[in-house]
Amino acid sequence: MSTTPSTSNTPSTSNTPGTAASTAADLPLAGQRAVVMGGSSGIGEATAALFAADGAEVVVTGRDRDKLEAATARIGGKTTAYRLDGTDPAQIDAFFAQSGPVDHLVLALSGAAGAGPFAELDLAELETGFAAKFWPYVRILRAALPHLRADGSVTLVTAASARAAFPGTAGLAAINGALEAMVPPLAVELAPLRINAVSPGVVDTPWWNALPAEQREAVFRGFAESSPVGRIGRPGDIARALHLLATNGFVTGVVLDCTGGTTLPTGR
Ligand SMILES: NC(=O)c1ccc[n+]([C@@H]2O[C@H](COP(=O)([O-])OP(=O)(O)OC[C@H]3O[C@@H](n4cnc5c(N)ncnc54)[C@H](OP(=O)(O)O)[C@@H]3O)[C@@H](O)[C@H]2O)c1
């Protein structure tokens, strides 16, 4: 894990789409700045792409330089990259020291540590899971506060495991449940800043790459078959929910399930 904030922390890519300047200024998020932590892949990247398409200036963060460069090129618009390890408080502080004002902050980072059957779960892994998601989200939000516009938004990506009772997810439930529990009190305490979360079900992203392909396909198939919508999620499904919560000025304190219905109580 790199802890070296380096010259790579300068904006790496800026692709202006071939639209006339007058058109770009008319886009709904023109003149606004969005930061997507974990924006170099999966849900975060898809979210950054929606903000960028709406004219926002977007900063995507992640640890891996190549992933950041590839993502900024795919996203286009006024997108820049900043290399940052969310588990390192000094790197978080360094980011916000140079960030300028932020209208919308999306927290979409983490790996998958903390999953597994409880009886066999290595508790050190669960601690790693908290260190990789709970604490970065909390630290980033705290560090961001002085830089967030008063009427801006913070949207957390949590996980359906927080409340779904899927076997093997007690650790993930603890991490994501702790974050979801913070949303309502923070929405009141930090108002008029709006605080929301999107709680995704299973989504086809590189988050699952730790599983062998065959096992991954089996998990995806199982969730698709048990889902009322008959499929697992795509990054864009979750991105649209995040974009909605970030941009609707009348929504705060909400945890929005975006699961294809897999978490609905069936009475079984
Ligand atoms: N995919 C799902 O089925 C699913 C379901 C429920 C919830 N979620 C949640 O959704 C969020 C996004 O996941 P995803 O599926 O989009 O995963 P992903 O495709 O693996 O993307 C994760 C992003 O976070 C960055 N990241 C990871 N650890 C980081 C760290 N320590 N510091 C900075 N950046 C870091 C990654 O870049 P680098 O690796 O280069 O740092 C990448 O940009 C996560 O919080 C995950 O728990 C996912």
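1. In this predicted model, helix α2 contributes three residues to the shell around the ligand, the largest share of that shell. The shell holds 29 residues in total, and the closest to the ligand are Gly38, Gly42, Gly62, Arg63 and Trp207. Two elements give two or more residues each, namely α2 (42-53) and α5 (123-144).

2. The character of the shell deserves a remark. Twelve of its residues are nonpolar, twelve are polar and five are charged.

3. Helix α2 should also be noted in connection with the nonpolar interior. The largest nonpolar core has 55 residues, and those touching the most other members are Val36, Val58, Val60, Val106, Leu107 and Leu242. Seven residues of this core come from α2, which is again the largest share. A separate core of six residues lies apart from it, including Ala115, Ala159, Ala160 and Leu172.

4. Strand β5 merits attention next. The strand spans residues 148-157, and seven of its ten residues are buried, so β5 is largely enclosed by the rest of the structure.

5. Which strands pair with β5? Strand β4 (residues 102-107) runs parallel to β5 and is joined to it by five bridges. Strand β6 (residues 194-200) also pairs with β5 in the parallel sense, likewise over five bridges. Individual partners can be located in the model: leucine 107 is bridged to leucine 156 in β5, while threonine 155 stands opposite asparagine 196 in β6.

6. The connection between β4 and β5 involves a helix that has already been mentioned. Together, β4, α5 and β5 form a β-α-β unit, and this unit is right-handed. The helix of this unit, α5, is also one of the elements that give two or more residues to the shell around the ligand.

7. Leucine 107 links several of these points. This residue is among the members of the largest nonpolar core that touch the most others, and its bridge partner in β5 is leucine 156. When neighbours within four places in sequence are left aside, leucine 107 is in contact with Met37, Tyr137, Ile140, Leu156 and Val157.

8. Valine 138 offers a useful exercise in classification. The residue lies in helix α5. Is valine 138 buried or partly exposed? A residue needs 20 or more C-beta neighbours within 10 Å to be buried, and 12 or fewer to be exposed. Valine 138 has 15 such neighbours inside 10 Å and therefore counts as partly exposed. Its C-alpha atom is separated by 9.8 Å from that of leucine 107, although the two residues are 31 residues apart along the chain.

Note on methods. Residues are numbered from 1 along each chain as its sequence is written. This is a predicted model: local features need pLDDT of at least 70, side-chain atom pairs count only at pLDDT 80 or more; totals for chains, interfaces and linings use all residues. A residue is near a molecule or strand if its C-beta atom, placed from the backbone, lies within 6 Å of it. Helices (H or I, at least four residues) and strands (E, at least two) are DSSP runs, numbered from the N terminus. Ala, Val, Leu, Ile, Met, Phe, Trp, Tyr, Cys and Pro count as nonpolar, Asp, Glu, Lys and Arg as charged, and the others, Gly among them, as polar. Two strands pair if DSSP finds at least two bridges between them. A crossover is right-handed if, with the strands pointing away from the viewer, the path from the first strand over the helix to the second runs clockwise. A nonpolar core is a set of buried Ala, Val, Leu, Ile, Met, Phe, Trp, Tyr and Cys residues joined through C-beta atoms within 7 Å. Two residues are in contact if their C-beta atoms, placed from the backbone, lie within 7 Å.
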